[in-house]
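Open your viewer and keep the selection box handy. We will walk through this model one stop at a time.

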Amino acid sequence: MQNVIERVLNVLIYLLESTRPVTAEDVRRTVPGYADQSDEAFHRMFERDKDVLRRLGIPLELVALDAWEVDFGYTVDPEKYAIADPGLSDEERAALSLASRMVRLGGAHAGLNGLLKLGGVERGLGFEPFGADLGPEADVLGPLFGAVTERRPVSFHYRGNRRTLDPYGVAHRRGHWYVVGSSADGERVYRVDRLSKLDVGEPAQFKRPKGFDVKAVLQAQPWEAGYDEQIEASVRFDADVAWWAGRTLGKTVKKGPLRTTIPVSNRDAFIGWILSFGPSAEVIEPADLRAEVIARVDAALAGIAS
């Protein structure tokens with residue numbers, strides 16, 4: 001299908017750029033995709049491609065090349081092909097300019113060329129965006145959104161491992177896009193800009209849970225939804241910070257220290273939060289998580305000393 005679309009577009013470009021009507025043989029010699037075909041195959045392909053152009057509303061015309069009407073050629077009148085002037089008001093052009101600057105794809109002004117063709121922009125207005133720049137994630141977001149709507153499982157590389165996910169939704173939070181879904185290990189959240197080599201499976205392979213709320217998942221504590229195996233961390237908070245830790249964790253804290261268990265699925269996020277309390281928070285168990293916290297502190301102290 002991609003070859004057909006590319007060939008039809010090449011035919012259209014050739015006809016628009018040609019200064020004279022072109023014959024079928026001209027098309028065969030000039031447009032890629034036809035030259036290696038037999039006469040019969042070429043005529044079948046060309047007839048189908050002309051039909052596609054006409055169904056798309058392209059004003060493809062067959063005109064005589066001489067006064068005796070012996071030879072004929074194909075042409076597309078650029079004036080007839082161009083869209084009619086919609087007669088936009090200044091307010092409507094301003095609204096379109098505003099919309100075109102809301103999102104940038106990979107840093108490019110996606111709507112600029114089309115906007116100029118519709119009559120330009122309002123005076124004094126530049127093209128600085130004030131919406132989201134999708135950046136390098138733009139190439140992945142499209143297939144991910146498609147996988148969500150068509151219920152296609154996806155697989156990808158993430159932190160050195162191959163992951164498989166039934167994607168329930170994609171959402172933006174704190175400057176990053178996240179895909180949320182279910183895996184063999186339970187509910188998981190992945191940052192889109194950190195995944196690579198995305199593969200999309202067949203449609204209708206899973207059911208999204210009724211009432212599933214992507215935003216609610218992302219509004220959970222950052223260490224509760226992640227890619228690591230879930231563990232229970234036992235933590236002790238000194239009395240001077242216990243009230244704040246309890247407020248974050250949704251726990252009622254009386255006077256004195258707080259010792260509690262916290263479910264952790266994202267070790268990096270959890271360690272970063274614990275370290276924000278300084279020496280007033282201590283990870284008791286499990287031993288490997290405690291060792292990671294100590295190693296992170298030692299590395300920070302070594303960096304300061306050097």
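Start by selecting helix α10, residues 267-275: R267, F270, I271, W273 and I274 are buried here. Look down the axis and you will find them on the same side of α10, because they cover an arc of only 160° around it.

Next, add V235 and F237 to F270, W273 and I274. These five have the most contacts inside the largest nonpolar core, a set of 20 residues. To see where that core comes from, colour β10 (231-237), α9 (239-249), β11 (258-264), α10, β12 and α11 (287-305); each supplies at least two of its residues. Now centre on V235: leaving out residues up to four places away in sequence, V235 touches L258, R259, T260, I262, F270, I274, E282 and V283.

Then move to another core, which lies apart from the largest one and has 17 residues, including L15, V22, Y34 and V76. Stay with Y34 and show F42, F46 and Y74 as well, since together the four form one aromatic cluster. Y34 counts as buried at 0% relative accessibility, and F46 is buried too, with a relative accessible area of 4%.

For another aromatic pair, select Y168 and F206: their rings are tilted, 5.9 Å centre to centre with 50° between the planes. Y168 sits in strand β6 and F206 in the loop between β9 and α8, 38 residues apart. Both Y168 and F206 are buried.

Finally, colour by confidence, as this is a predicted model. The chain's mean pLDDT is 79, and strand β12 (residues 281-285) is highest at 93. Over residues 121-131 the pLDDT is below 50. Where pLDDT is low, the predicted coordinates should not be read in detail.

Notes:
Residues are numbered from 1 along each chain as its sequence is written. This is a predicted model: local features need pLDDT of at least 70, side-chain atom pairs count only at pLDDT 80 or more; totals for chains, interfaces and linings use all residues. Side-chain values use heavy atoms; hydrogens and water are left out. pLDDT is the predictor's confidence in each residue, from 0 to 100. Helices (H or I, at least four residues) and strands (E, at least two) are DSSP runs, numbered from the N terminus. Contact means heavy atoms within 4.5 Å. Buried means under 20% relative accessible area, exposed over 50%, partly exposed in between (1.4 Å probe, protein chains only). The arc is that of the directions from the helix axis to the C-beta atoms. A nonpolar core is a set of buried Ala, Val, Leu, Ile, Met, Phe, Trp, Tyr and Cys residues joined through side-chain atoms within 4.5 Å. Rings of Phe, Tyr and Trp (its six-membered ring) pair if their centres lie within 6.5 Å; planes under 30 degrees apart count as stacked, over 60 as edge-to-face and the rest as tilted.
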